[in-house]
Amino acid sequence: MTYSKITGLGYYVPDTVVTNDDLTQYMETSDAWIQERTGIKERRYFTYGKDTNASMATAASRMALERAGVDAKAVDLIVYATITPDYFFPGSGFLMQRELGLNGIGVIDIRDQCSGFVYALSIADQFIRTGMYKTILVVGSEIQSTWIDKSTKGRGVAVIFGDGAGAAVVQATDDPEHRILSTHLHADGRYAEDLYVKEPGSSRPDRSATKEMVDEGGFDVVMNGNAVFKHAVVRFTEVIQEALQANGYTKEDISLLVPHQANIRISEYVRQQLNLPDNKIVNNIQRYGNTTAASIPIALSEAWEQGRVRPGDLVCLAAFGSGFTWASALIKW
């Protein structure tokens, strides 16, 4: 049988470091207030004129390809997750394809918010298992610093988000032991408005409504923080246990859990529910904030660099985000 495995990881974070103290220039807040609620100490903001969503993804992809020892020309497909594309359309995956010189191969752009990378990984896994493709680039990239409201009014959201990109090279293998074991995808649209950005939407009278969209705050993030937290801690644990049970493992078998970096309080709650020691969970939200679709590949790449991911390890990826969406992937490294 044909399976899939991750053979290379890469990431890119912008040069500009924005500390919690830096944010006090724009809003009424403090380092203590932000750390207490999110665990975040700093995040990265893109440099206008240097970074784009696609260029960051390209840099992350080149690193992943180099680490995998794979020439870019071997890539058969790109699966690209983002909620902050460079253009309304086409998606940034096409721009990255152009930068990598991969004209002609397929590009799939997906919008599954914070679960985007796991969704994208699942798509890649299915295509490889069917034998349709052998080498796929899976990417998550976000520039969020330009649309967040950095005033006191928007601080509940603004302090959370950062910019960055991560990528993985996923390739075919016939090794039944070291591979992506399974992926698990879920969603519940009943809660769509508990975490969403309304504009620019198409269900409007005509383009003359654009000014009203801005004036009425349609481009702002609307978040029901309590609802998000309550659902997240339940769904995270459920989807991790689902992946373990599907493959005959228990939580004690986990070598490393790489959750979406949403909030340190959520990650800590999940860690406690699973009774995992601190060294079995990856948290880098302190330095990068929430980079949405990019957070898991950035965290996984750093963990691999630090020697925390070794051959034979059982690695679990898990995410929860707007939609609501939640997903997991279980990997035998």
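In this predicted model, Ser 55 sits in helix α3, which runs over residues 53–68. Its relative accessibility is 18%, so Ser 55 counts as buried. Setting aside residues up to four places away in sequence, Ser 55 touches Lys 50 and Glu 99. Thr 29 belongs to a loop instead, the one between α1 (20–23) and α2 (31–38). Thr 29 counts as buried too, because its relative accessibility is 16%. Beyond its neighbours within four places in sequence, the contacts of Thr 29 are Leu 23, Thr 24, Ile 34 and Arg 155.

On to the nonpolar interior. In soluble globular proteins, nonpolar side chains tend to be buried together. Here, the largest nonpolar core holds 40 residues, and the members that touch the most others are Ile 240 and Leu 257. At least two residues of this core come from each of α6 (155–158), α8 (225–246), α9 (264–274), β12 (314–321) and β13 (325–332). The top contributor is α8, which puts in 8 residues. What does Ile 240 contact, once its neighbours within four places in sequence are left aside? The list runs to Ile 254, Leu 257, Val 270, Leu 274, Cys 316, Ala 318 and Ser 328. There is also a second, separate core, made of 35 residues, with Leu 77, Tyr 133, Val 170 and Val 309 among them.

Gln 261 makes a good next stop. This residue is found in the loop between β11 (256–259) and α9. Is Gln 261 buried or exposed? With a relative accessibility of 1%, it counts as buried, since the cut-off for that label is under 20%. Leaving out residues up to four places away in sequence, Gln 261 touches Val 282, Asn 283, Asn 284, Ile 285, Gly 289, Asn 290, Ser 295 and Ala 299. Two of these neighbours are met through backbone nitrogens: the side chain of Gln 261 reaches that of Asn 284 at 2.9 Å, and that of Ile 285 at 3.1 Å. As for Leu 77, a member of the second core, its C-alpha atom is separated from that of Gln 261 by 27 Å, with the two positions 184 residues apart along the chain.

Then there is the empty space. Rolling a probe the size of a water molecule over the atoms shows where such space is left. The largest pocket takes up about 1,300 Å³. It is lined by 49 residues, and those closest to its centre are Ile 83, Trp 147, Tyr 196, Val 197 and Val 221. Two or more lining residues come from each of α2, α6, β9 (195–197), β10 (221–223), α8, α9 and β12. Helix α8 turns up again: it gives the most to this lining, with 7 residues, just as it gives the most to the largest core. Sorted by class, the lining of the largest pocket has 25 nonpolar, 15 polar and 9 charged residues.

The second largest pocket has a volume of about 210 Å³. Of its 13 lining residues, Lys 5, Ile 6, Thr 7, Gly 8 and Trp 333 are the closest to the centre. The elements that supply two or more residues to this lining are β1 (3–12) and β13, and the largest share, 5 residues, is from β1. By class, this lining divides into 6 nonpolar, 3 polar and 4 charged residues.

A few spots in the backbone also deserve a look. Phe 89 and Pro 90 are joined by a cis peptide bond, with omega about 0°. Pro 90 is part of the loop between β4 (77–81) and α4 (92–100). Another cis peptide bond links Gly 323 to Phe 324, where omega is about -15°. Phe 324 falls in the loop between β12 and β13.

Positive phi values in residues other than glycine come up as well. Gln 113 has phi near 55° and lies in the loop between β5 (106–110) and α5 (116–129). At 15% relative accessibility, Gln 113 counts as buried. Asn 275 also has phi near 55°, and its place is in the loop between α9 and α10 (285–288). Why does Asn 275 carry the label it does for accessibility? Its relative accessible area is 63%, so Asn 275 is exposed.

Notes: Residues are numbered from 1 along each chain as its sequence is written. This is a predicted model: local features need pLDDT of at least 70, side-chain atom pairs count only at pLDDT 80 or more; totals for chains, interfaces and linings use all residues. Side-chain values use heavy atoms; hydrogens and water are left out. Helices (H or I, at least four residues) and strands (E, at least two) are DSSP runs, numbered from the N terminus. Buried means under 20% relative accessible area, exposed over 50%, partly exposed in between (1.4 Å probe, protein chains only). Contact means heavy atoms within 4.5 Å. A nonpolar core is a set of buried Ala, Val, Leu, Ile, Met, Phe, Trp, Tyr and Cys residues joined through side-chain atoms within 4.5 Å. A polar contact is a pair of N or O atoms within 3.5 Å; within protein, one must be able to donate a hydrogen and the other to accept it, and residues adjacent in sequence count only if both atoms are side-chain atoms. On a 1 Å grid over the protein atoms alone, a cavity is a set of points where a 1.4 Å probe fits but cannot get out, and a pocket is an open set with protein on both sides within 12 Å along at least five of seven lines; lining residues have an atom within 4 Å of a point. Grid points are joined across faces, edges and corners, and a volume is the space filled by probe spheres set on the points. Ala, Val, Leu, Ile, Met, Phe, Trp, Tyr, Cys and Pro count as nonpolar, Asp, Glu, Lys and Arg as charged, and the others, Gly among them, as polar.
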